[in-house]
Amino acid sequence: MKSFFLFLFFNISLVGFSQTNTYEISFENAVHHEAKVKATFPEIDTNVLRVRMSRTSPGRYALHEFAKNVYQVKATDGKGKRLKITRPSPYEWNITGHDGTVHLSYTLFANRGGGTYAQIDETHAHLNIPATFMYAPSLSERKAQVDFKLREDLNWKVATQLPLVTGTTYSAPNLSYFMDSPTELSNYQLREFQVGPKDKTQTIQLALHHNGSEQETDEYFEKVKKVVLTEREVYGELPVFDYGKYTFLACYIPNASGDGMEHRNSTILTSTRSLADGGMERNIGTVSHEFFHAWNVERIRPKSLKPFDFEEANMSGELWFAEGFTSYYTNLILCRAGIISPEKYVEGLTGTFNYVWNSPARQFFNPIEMSFQAPFVDAATSVDPVNRENTFISYYSYGSVLGLALDLSLREKGLNLDDYMKLVWKTYGKNEVPYTVDGLHKTLSEFAGKSFGDNFFNNYIYKSGMPNYKDLLTSVGVVLQQNLDTPYFGVSVKVKDSVGRIQRNVKIGSPAYKAGLDKGDEIVSVKNQSLSKEEKFENLIKKFKVGDSLQIRFKRFGVEKTTMVILEPDPYYKIFLSEKEGVTPSKMELARRRNWLKTE
């Protein structure tokens with residue numbers, strides 16, 4: 001009987017292994033940004049094996065044609081016979097004539113170190129999986145194993161959310177998890193700490209690839225720890241990470257591309273700023289944003305993004321919440337953690353507020369429809385001009401200022417956004433039930449009352465209304481102030497050789513727009529005054545007053561024209577603590593502010 005069970009176990013193990021797609025990647029030519037990739041697909045029961053490169057990457061919503069960096073594609077069967085390969089599309093390869101097994105090999109070129117692509121050189125192999133590995137869609141439920149052939153001469157180690165099998169071989173339970181598992185191979189510095197009760201302890205790691213010192217890593221990791229613990233307070237608990245571990249994969253090196261990208265149990269953090277050159281302060285915001293995604297987007301997941309599509313663009317109407325509310329918390333968390341001051345946090349709201357408040361785009365799209373634009377703007381590229389200055393507001397920024405308004409509105413009722421996020425977490429995130437906009441609406445009504453929930457969603461989500469920020473900010477002792485005496489022209493102008501060229505599309509409704517000026521126009525004089533390269537255009541405009549009529553002489557396509565611009569009040573607002581203006585907030589305002597910012 002014992003031998004029978006051993007035989008049965010052995011055969012089950014063989015079957016399980018044979019149903020695993022295996023990969024091997026090596027980096028002999030890393031100096032020229034190349035990797036050699038080998039893959040084996042066993043037990044194929046179709047005449048044609050279709051393999052492809054992904055066109056998307058988890059956390060991104062636009063198309064990225066990773067197939068463009070793949071070449072020298074070859075395939076053999078289990079006996080080593082060369083197989084026929086045809087190309088039904090730019091990102092697919094059909095392999096025929098196999099014997100049930102296909103061995104695939106190809107060369108990958110990779111030289112962009114960020115959150116979407118891959119980068120291979122002699123400093124590291126920074127691998128986003130969709131940009132690196134071909135896959136067979138029909139075998140997507142199989143396990144995958146990958147052996148990272150490390151450059152031992154460069155002291156490379158593996159950092160990834162993939163569970164270790166043995167040596168340098170790691171596994172994934174299916175294609176979806178594999179694609180969501182970026183991997184950093186480098187001589188990184190590792191720090192970690194344990195979070196949670198003894199019976200539910202989880203490990204938080206920082207794998208930091210940089211040219212700095214161990215001391216700098218220690219100092220930075222203390223900031224990372226503060227962010228992690230402060231964000232846990234928002235939701236009341238950490239997510240349960242699949243293998244008991246969450247890893248920050250940070251590359252702060254000159255050859256990286258600035259980015260951040262969330263994944264289920266890890267995140268990519270890349271920047272050209274070293275910790276010694278401003279990165280200690282400026283890079284930590286990305287840590288805050290991406291770790292917040294461990295709840296909001298990875299587990300509190302829009303139904304529109306589940307499952308994630310690797311063949312088509314991923315469109316979602318919930319990004320104002322998934323990305324925007326995460327953006328609202330990004331700097332708020334840094335303030336609560338004591339990494340930035342309340343004054344710096346509050347004044348830092350100014351830029352985002354003005355961008356959203358003063359955008360003409362709200363007349364075209366509400367926050368849901370702005371979210372639908374993601375496939376066109378999320379690191380997407382186009383060669384034809386667009387009118388985004390007038391028709392698009394980033395869902396990051398739009399959602400962020402709406403998160404601010406919702407938080408301060410709730411606090412006027414004795415509630416707060418943290419507790420609403422806890423309820424959303426318990427309703428959708430903890431058990432990973434996908435949500436819709438309607439679900440968020442119903443949850444807010446449950447949390448704050450139907451009238452409140454309906455008012456917020458009907459006015460600010462389904463429509464493009466803007467809350468009364470002046471009163472909301474006053475409720476926490478913050479000033480929203482506009483200088484109506486500052487003149488406003490309404491264009492971005494770069495002066496060169498006494499000619500001012502309009503750099504961007506002119507904003508709808510601005511004085512320049514009403515006067516018929518357009519991008520590319522070359523301003524020669526303002527009220528018969530020639531331009532000087534020694535003086536910025538905006539400083540020249542400040543010499544005039546609101547209501548002044550300025551004759552503008554300009555060239556368009558080489559033809560000289562004139563127009564009249566009537567200066568209007570600058571729509572720009574400043575946001576700051578009321579104490580800065582010499583006004584002491586009331587006790588209630590100070591109490592609300594302390595509760596909001598979690599300050600003493």
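**Close-up views of a predicted model**

**View A. D471 is partly exposed, with a relative accessible area of 46%.** The model shown here and in the views below is predicted. D471 sits in helix α17, which covers residues 469–474. The relative accessible area of 46% lies between the cut-offs of 20% for buried and 50% for exposed, so D471 is classed as partly exposed. Between D471 and P511 there are 29 Å in space, C-alpha to C-alpha, and the two are 40 residues apart in sequence.

**View B. F291 is a buried residue of helix α5.** The helix spans residues 284–292. F291 has a relative accessible area of 0%, and buried means under 20%, so F291 falls in the buried class. Leaving aside residues up to four places away in sequence, F291 touches V228, E231, L238, F241, Y246 and F248. G500 is 209 residues from F291 in sequence and, C-alpha to C-alpha, 44 Å from F291 in space.

**View C. Helix α20, residues 587–597, has R593, W596 and L597 buried.** Seen down the axis of α20, these buried residues fall within an arc of 80°, so they line one face of the helix. K587 and M588, on the other side of α20, are exposed. The packing partners of the buried residues of α20 include three helices, α7 (324–336), α8 (342–347) and α13 (395–412). Two strands, β20 (478–482) and β29 (573–577), also pack against the buried residues of α20. K598, just after α20, takes a positive phi of about 60°.

**View D. The largest nonpolar core has 95 residues.** Within this core, Y420 and W596 touch the most other members. Helix α13 supplies the largest share of the core, 9 residues. Which residues does Y420 touch, not counting residues up to four places away in sequence? They are F321, L406, L410, L440, T443, L444 and F447. W596 also appears in View C, as one of the buried residues of α20. A second core, separate from this one, has 51 residues, among them L49, L83, A118 and F308.

**View E. The largest cavity has a volume of about 70 Å³.** The model has 3 cavities of 30 Å³ or more. Residues lining the largest cavity are N21, Y23, Y135, A136, L139, S140, R142, A144, N174, L175 and F178. Strand β1 (20–26) and helix α2 (175–179) are the elements that give two or more residues to this lining. By type, the lining residues are 7 nonpolar, 3 polar and 1 charged.

**View F. The largest pocket holds about 820 Å³ of space.** Its lining comprises 26 residues. Which of them lie nearest the centre of the pocket? They are Y488, G490, V491, S492 and K507. The elements that contribute two or more residues to the lining are α9 (349–357), β21 (487–488) and α19 (537–541). The lining of the largest pocket divides into 12 nonpolar, 8 polar and 6 charged residues.

Methods:
Residues are numbered from 1 along each chain as its sequence is written. This is a predicted model: local features need pLDDT of at least 70, side-chain atom pairs count only at pLDDT 80 or more; totals for chains, interfaces and linings use all residues. Side-chain values use heavy atoms; hydrogens and water are left out. Buried means under 20% relative accessible area, exposed over 50%, partly exposed in between (1.4 Å probe, protein chains only). Helices (H or I, at least four residues) and strands (E, at least two) are DSSP runs, numbered from the N terminus. The arc is that of the directions from the helix axis to the C-beta atoms. Contact means heavy atoms within 4.5 Å. A nonpolar core is a set of buried Ala, Val, Leu, Ile, Met, Phe, Trp, Tyr and Cys residues joined through side-chain atoms within 4.5 Å. On a 1 Å grid over the protein atoms alone, a cavity is a set of points where a 1.4 Å probe fits but cannot get out, and a pocket is an open set with protein on both sides within 12 Å along at least five of seven lines; lining residues have an atom within 4 Å of a point. Grid points are joined across faces, edges and corners, and a volume is the space filled by probe spheres set on the points. Ala, Val, Leu, Ile, Met, Phe, Trp, Tyr, Cys and Pro count as nonpolar, Asp, Glu, Lys and Arg as charged, and the others, Gly among them, as polar.
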